[in-house]
Amino acid sequence: MVTKQFSGSPDEADLRRADTLAREIFSDVANKWALLIIEALGEHTLRFSELRRKVEGVSHKMLTQNLRMLERNGLVERTVHPVVPPRVEYTLTEPGRALLATVDGICAWTHRYLGDIESSRLRFGA
């Protein structure tokens, strides 16, 4: 994947334009696995296996891909400890912790409106 370049001020970043770095970042972090990984890490440092247990249903491949993407975007820090076998830990960076506040808001919204959404889906036969 070719990463788009950013020039100008952050205020000029338009998520609606397909050719912007802001849109690429938005696309990266606005997926269920990324959001759940960020929520699971919270204020913790976790190993891969711990994260996989906390994010129920995520495959090894999807967890690996999303952790790499979050690390590439500077939201997660990966630390490899020089022991045998190697111990790898993941933690949120400062921008990742800032995004956690938004993820927590999405989680709160989901809890608040879960019943409304379920009722609406039932009306549509879903």
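**Glu89 and the helices: a first look**

User: Let's start with Glu89. In which strand is Glu89 found?
Analyst: Keep in mind that this is a predicted model. The protein chain has 5 helices and 3 strands. Glu89 sits in the strand covering residues 87-92, and that strand is β3.

User: Which side chain makes a polar contact of 2.8 Å with the side chain of Glu89?
Analyst: The Glu89 side chain has a polar contact with the side chain of Arg87, at 3.4 Å. Glu89 also touches residues over four places away in sequence, including Thr45, Leu46, Arg47 and Glu77. The polar contact at 2.8 Å is with the side chain of His81.

User: Val88 is in strand β3 too. How far is the C-alpha atom of Val88 from that of Arg47?
Analyst: Setting aside neighbours within four places in sequence, Val88 is in contact with Leu46, Arg47 and Phe48, among others. Val88 and Arg47 are 41 residues apart along the chain. Even so, their C-alpha atoms are separated by 5.9 Å.

User: Now the helices. Are α2 and α4 roughly parallel or roughly perpendicular?
Analyst: Helix α2 spans residues 32-41 and helix α4 spans residues 60-72. Their axes come within 10 Å and cross at roughly 75 degrees. Angles of 65 to 115 degrees count as roughly perpendicular. So α2 relative to α4 is roughly perpendicular.

User: How many nonpolar residues does the contact of α2 with α4 have?
Analyst: From α2 come Trp33, Ala34, Ile37 and Ile38, and they meet α4 residues including Met62, Leu63 and Asn66. By class, that contact has no charged residues and 1 polar one. The number of nonpolar residues is 9.

User: Why do the buried residues of α1 lie on the same side of the helix, and what arc do they cover?
Analyst: Helix α1 runs over residues 21-29, and Ala22, Glu24, Asp28 and Val29 are buried there. An α-helix has 3.6 residues a turn, so residues three or four places apart point the same way. The buried residues are on the same side of α1 because around the axis they cover an arc of only 160 degrees.

User: Which helices do the buried residues of α1 pack against?
Analyst: Reading along the sequence, the pattern is α-α-β-α-α-β-β-α. One of the packing partners is the helix at 94-123, which is α5. The full set for those buried residues is α2, α4 and α5.

User: And what share of the protein chain's residues count as buried?
Analyst: Buried here means under 20% relative accessible area. The protein chain has 126 residues, and the share that counts as buried is 26%.

How values were computed. Residues numbered from 1 in each chain as written. Predicted model: local features only at pLDDT ≥ 70, side-chain atom pairs only at ≥ 80, totals over all residues. Heavy atoms only, no water. Axes fitted to C-alpha atoms, helices over the stretch in contact; angles between N-to-C directions. Helix = DSSP H or I, 4+ residues; strand = E, 2+ residues; numbered from the N terminus. Parallel < 35°, antiparallel > 145°, perpendicular 65-115°, else oblique. Contact = heavy atoms within 4.5 Å. Nonpolar A, V, L, I, M, F, W, Y, C, P; charged D, E, K, R; others polar. Buried < 20%, exposed > 50% of the residue type's maximum accessible area, 1.4 Å probe, protein only. Arc of directions from axis to C-beta. Polar contact = N/O pair within 3.5 Å; in protein donor to acceptor, adjacent residues only side chain to side chain.
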